[in-house]
Amino acid sequence: MMRKKRITISWIASFIALLSISEFYFAPTYNNWKFMPSVLWIWPLLLLGLFCAIRIPKEGRGFYKYVSILIPSLLAITLMLPTLQALVSGKEKVMTTTSPDGSYTVDIYQRDNPKVLMAERNGPLWFRQELHVDRNPDGVIVQWITSSQLQINQSIVDIKKTGEQ
């Protein structure tokens with residue numbers, strides 16, 4: 001009975017970690033809201049899954065034990081890059097701007113290694129939406145065109161089209 005419980009805990013923890021990692025990779029691509037606070041919270045979940053997998057008794061062929069160890073290990077390897085990015089490249093807030101009618105607030109951040117300018121919109125709790133990414137910017141010029149269109153350097157961002165609920 002303990003064997004099934006440990007296998008179940010290991011696989012559920014791995015599945016939640018897989019969903020979280022995929023959200024981290026794909027949310028900025030489609031301008032969706034990021035709902036996870038950070039990639040750093042996934043590590044305890046993966047360690048729990050790995051700990052439960054190691055503690056599975058080796059009965060019979062041990063197939064479930066090896067698969068339960070392999071899945072969190074592969075997810076941990078996949079999680080290395082975003083974790084290093086979150087730890088090493090701290091972002092510095094350059095400015096906060098609000099639309100003329102006050103309905104949108106956009107934060108502009110800059111990272112140095114590599115040099116990137118990002119525009120994000122904060123939602124409730126830790127939700128955030130990446131609106132714009134500019135690689136190797138020379139400076140920061142931000143101007144509101146309308147109450148829902150923002151010009152960042154040479155690019156125009158329409159906030160209504162970037163995933164408004």
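In this predicted model, Asn153 is buried, with a relative accessible area of 15%. The residue belongs to the loop between S7 and strand S8 (155-158). Although Asn153 is not a glycine, its phi is positive, at about 55°.

The two strands that flank this loop pair with each other in the antiparallel sense, over four bridges. Within this pairing, Gln149 has Asp158 of S8 as its bridge partner. Both strands belong to an open sheet of three strands, in the order S6-S7-S8, with antiparallel pairing. S6 and S8 stand at the edges of the sheet and have a single partner strand each, so one side of each is left without a neighbour in the sheet. On average, and with direction ignored, neighbouring strands of this sheet are turned by 25° against each other.

A further set of pairings involves S2, S3 and S4. Strand S2 (residues 92-98) is paired with S3 in the antiparallel sense, with six bridges between them, and Met95 stands opposite Ile108 in S3. The hairpin of S2 and S3 has six residues between the strands, and Gly102 in this hairpin adopts a positive phi near 80°. S3 also pairs with S4, again in the antiparallel sense and over six bridges; here Val106 stands opposite Arg121 in S4. Strand S3 is mostly covered, with five of its seven residues buried.

The largest nonpolar core comprises eleven residues: Tyr104, Val106, Ile108, Leu117, Ala119, Leu131, Trp144, Leu150, Ile152, Val157 and Ile159. Two or more residues of this core are given by each of strand S3 (105-111), strand S4 (116-122) and strand S7 (149-152). Apart from this core lies another one, made up of nine residues, including Ala17, Ile21, Leu75 and Ala76.

The surroundings of Val106 illustrate the packing around the larger set of residues. When neighbours within four places in sequence are left aside, Val106 is in contact with Met95, Thr96, Thr97, Ala119, Glu120, Leu131, Trp144, Leu150 and Ile159. One of these contacts, Thr97, is found in strand S2. Thr97 is buried, with a relative accessible area of 12%. Its side chain is joined to that of Trp144 by a polar contact of 2.8 Å. With neighbours within four places in sequence again left aside, Thr97 is in contact with Tyr104, Thr105, Val106, Val142, Trp144 and Leu150.

Ile12 offers a view of the helical part of the chain. This residue is found in helix H1 (residues 2-26) and is partly exposed, its relative accessible area being 47%. The C-alpha atom of Ile12 is separated by 9.6 Å from that of Leu45, which lies 33 residues apart from Ile12 along the chain.

Confidence varies along the model. The protein chain has a mean pLDDT of 78, and 81% of its residues reach 70 or more. The highest confidence in the chain is found in strand S6 (residues 142-144), with a mean of 87, and the lowest in strand S1 (residues 33-34), with a mean of 58. Where pLDDT is low, the predicted coordinates should not be read in detail.

Methods. Residues numbered from 1 in each chain as written. Heavy atoms only, no water. Core = buried A, V, L, I, M, F, W, Y, C linked by side-chain atoms within 4.5 Å. Buried < 20%, exposed > 50% of the residue type's maximum accessible area, 1.4 Å probe, protein only. Contact = heavy atoms within 4.5 Å. pLDDT = per-residue confidence, 0-100. Pairing = 2+ DSSP bridges. Axes fitted to C-alpha atoms, helices over the stretch in contact; angles between N-to-C directions. Polar contact = N/O pair within 3.5 Å; in protein donor to acceptor, adjacent residues only side chain to side chain.
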